[in-house]
Amino acid sequence: MSRPSPLPSPILSVRHLKVYFRPRSIWPWQRHGRIHAVDDLHLDLRAGETLGIVGESGCGKSTLARALIGLQAPTSGSIRYAGRELAGLSKKDWQPLRRELQMVFQDPLGSLNPKMTIGQIVAEPLRALCPEIDAAEHPQRVAEMLERVGLSRDIVDRHPHEFSGGQAQRIGIARALIVKPKVLICDEAVSALDVSVRAQIVNLLVELRQEYGLTLIFIAHDLAIVRYLCDRVLVMYLGKVMEQAGAADLFGTPKHPYTRALMAAAPAGAAAPAVEASGDKKKAKKRRPPAGDLPNPAHPPMGCVYHTRCPLMETACVGAVPSLRRVGPEHYAACHFVAAPDSAELQR
Ligand SMILES: Nc1ncnc2c1ncn2[C@@H]1O[C@H](COP(=O)(O)OP(=O)(O)OP(=O)(O)O)[C@@H](O)[C@H]1O
Ligand code: SF4
Ligand SMILES: [Mg+2]
């Protein structure tokens, strides 16, 4: 029997990553405890793959993204990129790496400096990060990049307020790609756009991913887009990974109760998983969209952080933190009650 070729080693590996914040409240009694924005998180990203990150608002997706590109210092843990440790790097040591890891932000207009022209905005990373490229070459590179993202080269002297959200996001993508990064993180990059414009930007990302050989992290609330675009998906809750699997696997047979609840809460057709895929029937009947609010991240629940909302919660869930276990080929879940498959299935 022929065996599948071994998976390539990851370009980005995150281990035990924690990012904690002091609460911002003006009231002293609300300032104790630290916000566990990212809490003991692991992830691997292979070159050329697209990883989707999903989870409710406030679960730590943007904090994770900011830590990965050096905008947020981790509290502890390791981030290895192309064999190099990034956690704890000084600003100076980060500088040569910034061009390799770029980000596109959620608020297309808000992320562009209103005082700068489009030409200046798109050329800025070249100026700051690519000292070897002669400034005389910048206008030509900017013009080509603008055309590549579907804009006219004649807009270089105009300002951000003259553009729609979709056009502004194209400018944001041009700004990120002009330095030819290896990894592009899109943090809710299409969430603020109308549905039709959203589809255009997603299609543009698909083309550019191929053309530039990009490794992509795509953070989104829209499960339908994640399912369409991503090879693998990571589900976050209160700073932790609840489940991680290939997109087809995750949407086809979600194993973790939180993933199931997220999918059940998504608009019809967005995720449409086999919600009854596993587990006993009595428990399956109790499934429903996430009830209640996200707990206070400064005081996360003991044991399984999802236990305060989980319809399948049992006493054991409060006593011990479930580890992220392999529950299928390339499929991981952090729940005490997701059964591990037999070894024959794992060897597939
Ligand atoms: N600089 C900061 N200081 C204090 N708390 C912060 C800071 N940045 C984020 N947080 C808190 O960390 C938690 C995670 O926030 P984060 O923005 O990473 O979530 P998110 O998953 O990106 O949410 P959304 O889907 O709304 O964008 C939240 O409780 C947030 O209030
Ligand atoms: S460990 Fe318990 S509380 Fe956590 S997801 Fe599993 S069943 Fe629910
Ligand atoms: Mg966010």
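How many residues surround ligand 1, and which are the closest? The count is 16, and the closest are Ser 57, Gly 58, Lys 61, Ser 62 and Thr 63. Keep in mind that this is a predicted model. What follows is a quick tour of the two ligands and of the cavities and pockets in the protein.

**Ligand 1: who holds it**

- Start with Ser 57, one of the closest residues: an N or O atom in its side chain is 2.4 Å from an oxygen atom of ligand 1.
- Cys 59 joins in through its backbone, where a polar atom is 3.2 Å from an oxygen atom of ligand 1.
- His 221 uses its side chain instead, with a polar atom 3.4 Å from an oxygen atom of ligand 1.
- On its own, ligand 1 has 640 Å² of accessible area, and the protein covers 73% of that.

**Ligand 1: where it sits**

- The spot that ligand 1 takes up is the second largest pocket.
- Two elements give two or more residues to the shell around ligand 1, namely β2 (35–46) and α1 (61–68).
- Of these, α1 provides the largest share of the shell, with three residues.
- Sorted by class, the shell around ligand 1 is a real mix: five residues are nonpolar, six are polar and five are charged.

**The second largest pocket itself**

- This pocket has a volume of about 290 Å³.
- Its lining is made up of Phe 21, Arg 22, Pro 23, Arg 24, Ile 35, Ala 37, Gly 58, Gly 60, Thr 63 and Pro 297.
- Two names here should ring a bell: Gly 58 and Thr 63 line the pocket, and they also belong to the closest residues around ligand 1.
- By class, the pocket lining splits into five nonpolar, three polar and two charged residues.

**Ligand 2 and the largest cavity**

- Where does ligand 2 sit? You'll find ligand 2 in the largest cavity.
- Around ligand 2 you'll meet four cysteines, Cys 304, Cys 310, Cys 317 and Cys 335, plus the histidines His 256, His 307 and His 336.
- Pro 257, Tyr 306, Leu 312 and Phe 337 fill out that group.
- No charged residues turn up in the shell around ligand 2, which has eight nonpolar and three polar ones.
- The cavity has a volume of about 80 Å³, and a search of the whole structure turns up two cavities of 30 Å³ or more.
- Met 313 is part of the cavity lining, along with residues such as His 256, Cys 304 and Phe 337.
- The cavity lining has no charged residues either, with nine nonpolar and three polar ones.

**The largest pocket**

- Which residues lie nearest the centre of the largest pocket? They are Arg 98, Gln 102, Phe 105, Pro 125 and Leu 129, out of 17 residues that line the pocket.
- Its volume comes to about 440 Å³.
- The elements giving two or more residues to this lining are α2 (91–98), β6 (101–104), α3 (118–129) and α5 (165–177).
- Among these elements, α3 gives the most, with five residues.
- As for class, 11 of the lining residues are nonpolar, three are polar and three are charged.

Technical notes. Residues are numbered from 1 along each chain as its sequence is written. Chains are lettered from A and ligands numbered from 1 in the order in which they are written. This is a predicted model: local features need pLDDT of at least 70, side-chain atom pairs count only at pLDDT 80 or more; totals for chains, interfaces and linings use all residues. Side-chain values use heavy atoms; hydrogens and water are left out. A residue is near a molecule or strand if one of its heavy atoms lies within 4 Å of it. On a 1 Å grid over the protein atoms alone, a cavity is a set of points where a 1.4 Å probe fits but cannot get out, and a pocket is an open set with protein on both sides within 12 Å along at least five of seven lines; lining residues have an atom within 4 Å of a point. A molecule sits in a cavity or pocket if more than half of its atoms lie within 2 Å of its grid points. Ala, Val, Leu, Ile, Met, Phe, Trp, Tyr, Cys and Pro count as nonpolar, Asp, Glu, Lys and Arg as charged, and the others, Gly among them, as polar. A polar contact is a pair of N or O atoms within 3.5 Å; within protein, one must be able to donate a hydrogen and the other to accept it, and residues adjacent in sequence count only if both atoms are side-chain atoms. Accessible areas come from the Shrake-Rupley method with a 1.4 Å probe; for residues, only the protein chains shown count as cover. Helices (H or I, at least four residues) and strands (E, at least two) are DSSP runs, numbered from the N terminus. Grid points are joined across faces, edges and corners, and a volume is the space filled by probe spheres set on the points.
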